Each structure stands twice: as C-alpha cells, then as structure tokens.
Amino acid sequence: MPAIKLDVAIRLTGDLRHDAEQVKRAEQLGFDGVWVAETAHNPFFPLSIAAKETKGIRIGTRDAAAFPRSPMVAAQIAWDLARQSDGRFILGLSMLQREHIERRFSEDWRDPVGRMREYIESLRAIWTSFQTDARLRYRGKHYQFRLMAPFFNPGPIATPEAPVYLTGLNPEDCQLAGEICQGLHAHELHTASYLREVVIPSVEKGLDIAERERSDFEVTAPVFVMSSETGGERDRAARALSERLATYSSSPAFRQVMSLHGWGALADELQEMAGKRDWAAVQDAMTDDLLHEFTVIAKPDDIYAALVDRYAGIVDRVCLEWRNDNPRLLEAIAGSRD
C-alpha cells in the first residue's frame, strides 16, 4: 500500500493547556503532523507549549492570516517556534478571502497574489538577517524592510528558515506555492478530481518556473471522514457537509470545484439558499454524489486504506479533523496503518 502521511487538525478551544495536550495526544497516537487553523483563536499560542512538550511530530499552522500581520511579526513568531520545536514547526499562511480581509480584519485586498509573493520573500530576507546579521534591505511594491538593529535581532538558531506552506485552491495561488513555498495546504473544499486536474498541474507549473522538483514539495489535503459503523452517519455527514458548503458558498473557488463535476447550477442554488440562511434547504440538497466526492465514509479500520485509494499519487499528506465527539475514531484510523 503506498504510504501517505497522516496528520490531524486540532480545533482550538482557547484553553492553551488543553490544546497543547491534544497535540501531545496526537503524537502518542502516531500521527505524523498536527495543524492548527486560525478561526476563533490565535493559532500560534498553543504551539508554543506543544513545541516543547512533544518530541518528533511536525507542528504547524494551516492557514494563519498573513496580511493582517506584518511579515516582521510573522517572521519573529516563526523564528521562536522553530527554535522551541527544534525545527519541527511549519508556517502555514493564507490570503483568506476578500470579504474576510476587508470586512473582518479591515485590511487591504489589492493584488493578493503579488502581495503574498512579497510577503514570503520578505520573510526570508528577515530570517537571513536574524541568522547572519546581514543588513536588512528588502524593497518591494507592497513591503519594504530596511531596519534591523541588534536590539531587535533574536540571533541565529540551529534550524533557521521554517518551511512555508500556502493555503490555496485557485490555480494562481497553487502556482505561487509551487514557485516559492515548500508546501501547499489544499483548501478543505476540494475533491480528488479537482486536486488532480487543477491544483497539482498548477503547483507543477510553479515548480517548473522555479526549476524545482516535485519531490522537494509537499501537498497536504484536509479530508472529512465519517465512520459507517454507527447508525445515522449518512445524516451526520450530510449535515456537516452542508455546513461546510454553506460557509464557502459565496467564494468563486466554490463554484470552480462544483462546476468541474457539472454542479454549477447547484452551486448557484446553494449560494442563494445560504444568502437566505435557509440551512435546512442546504442540507436537503446534499445528494449521495456530493457526499461521495467530498467525504470519505468507511468503517474505522478501513478509512486509512480508503484515503490511500483516493489520494495516493495526488497528495503527500492527508489531514483529519480532531473529533471530540468520537475520540476512538482517530485512534482506530491511526492504528490501522500498522
């Protein structure tokens, strides 16, 4: 059976000790990596504890909001976490969606791909200054950094320059990741076909531009799984999927994925339902075909094999969501690889 690394995403609670304990538990279960998303809580805080209390598991942010943070702020946070984790930290960044940048963070959305390119370039310029004490001289259209006094320089570390992953689903985002990042977090709103036909070719285009090899780059896919052993799982999966689709129904990327499968008209209907906050109608629209494309449903001991069957040759890592309502599910999935 081809190997795919198995990761888990922790849903933060705001209790730093509790969240760090979840990371430790993921390592004990044998997961390869733990990711935290930026939703209701800061994603970096619990990792500062978990970095010291774990030994080998990779830890990282999945979609830390880039633009609301200066690259200098992100560089400093990543430097400290790289030091604390002995090089196991991965900085996962996201451009987010326009409405979130403008309306939730009151930030500028102009030229997001160009701005993200400069963001990552300037991160690396700052890290070089940290490590070598070289003069900081980064000049771009969106960012300029020209001051690094010794008082503000944290100094060299054993594992400089944390790997940078970018969250992306659109071809432009995926190509940028291939050009200048070490990895891509596929958006959770995806299908295996969309990854194979749109995301991976875009990543490879970026790798070709940068003259890099695919083996030097990781693609990780967040995957929604459900156990088929208990009754009502189809309804549970439909409810959870409807909530996820409703969340992204206004995004152009949502329609791109749906259109690939011939569901463009349904995407428009779901967007209209979500706009009216008619969640019951959204859930009723969840057909078996939709569930099959967006969700892996199998017995716990068979889920990893089903993930490999669906994603082998497409992605390098799959990421499951930590399920507090069914803690034995993750234990069974992790154990099924043995």
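Let's start with the cysteines: this predicted model contains zero disulfides. Take Cys 174, which is in no disulfide; the nearest cysteine sulfur belongs to Cys 181 and lies 11 Å away. Cys 174 is also buried, with a relative accessible area of 0%. Cys 319 tells a similar story. Its closest cysteine sulfur is that of Cys 174, and because the two sulfurs are 17 Å apart, they are too far from each other for a bond. Cys 319 counts as buried as well, at 3% relative accessibility.

Where does Cys 319 sit in the fold? Look for strand β12, which spans residues 317-321. This strand is mostly covered, with four of its five residues buried. It has strand partners that you can trace in the structure. One is β1 (residues 5-10), which runs parallel to β12 and is joined to it by five bridges. Within this pairing, Val 8 has Leu 320 of β12 as its bridge partner. Another is β10 (residues 218-227), which pairs with β12 in the parallel sense over four bridges. Here Thr 220 stands opposite Arg 317 in β12.

Now turn to the nonpolar interior. In soluble globular proteins, nonpolar side chains tend to be buried together. In this model the largest nonpolar core has 103 residues, and the members that touch the most others are Phe 31, Leu 93, Met 116, Trp 127, Leu 270 and Leu 307. Helix α7, covering residues 192-209, gives the most to this core, with eight residues. There is also a second, separate core of five residues, and it brings us back to a familiar cysteine: among its members are Ala 9, Trp 35, Ile 90 and Cys 319.

What about empty space inside the protein? Rolling a probe the size of a water molecule over the atoms shows where such space is left. The count comes to two cavities of 30 Å³ or more, and the largest has a volume of about 40 Å³. Its lining is made up of Glu 188, His 190, Pro 222, Val 223, Phe 224, Arg 244, Glu 293, Phe 294 and Tyr 311. The elements that give two or more residues to this lining are β10 and α12 (288-294). Strand β10, already met as a partner of β12, supplies the largest share of the lining, three residues. Sorted by class, the lining of the largest cavity has five nonpolar, one polar and three charged residues.

Conventions: Residues are numbered from 1 along each chain as its sequence is written. This is a predicted model: local features need pLDDT of at least 70, side-chain atom pairs count only at pLDDT 80 or more; totals for chains, interfaces and linings use all residues. Side-chain values use heavy atoms; hydrogens and water are left out. A nonpolar core is a set of buried Ala, Val, Leu, Ile, Met, Phe, Trp, Tyr and Cys residues joined through side-chain atoms within 4.5 Å. Buried means under 20% relative accessible area, exposed over 50%, partly exposed in between (1.4 Å probe, protein chains only). Two strands pair if DSSP finds at least two bridges between them. On a 1 Å grid over the protein atoms alone, a cavity is a set of points where a 1.4 Å probe fits but cannot get out, and a pocket is an open set with protein on both sides within 12 Å along at least five of seven lines; lining residues have an atom within 4 Å of a point. Grid points are joined across faces, edges and corners, and a volume is the space filled by probe spheres set on the points. Ala, Val, Leu, Ile, Met, Phe, Trp, Tyr, Cys and Pro count as nonpolar, Asp, Glu, Lys and Arg as charged, and the others, Gly among them, as polar. A disulfide is a pair of cysteine sulfur atoms within 2.5 Å.
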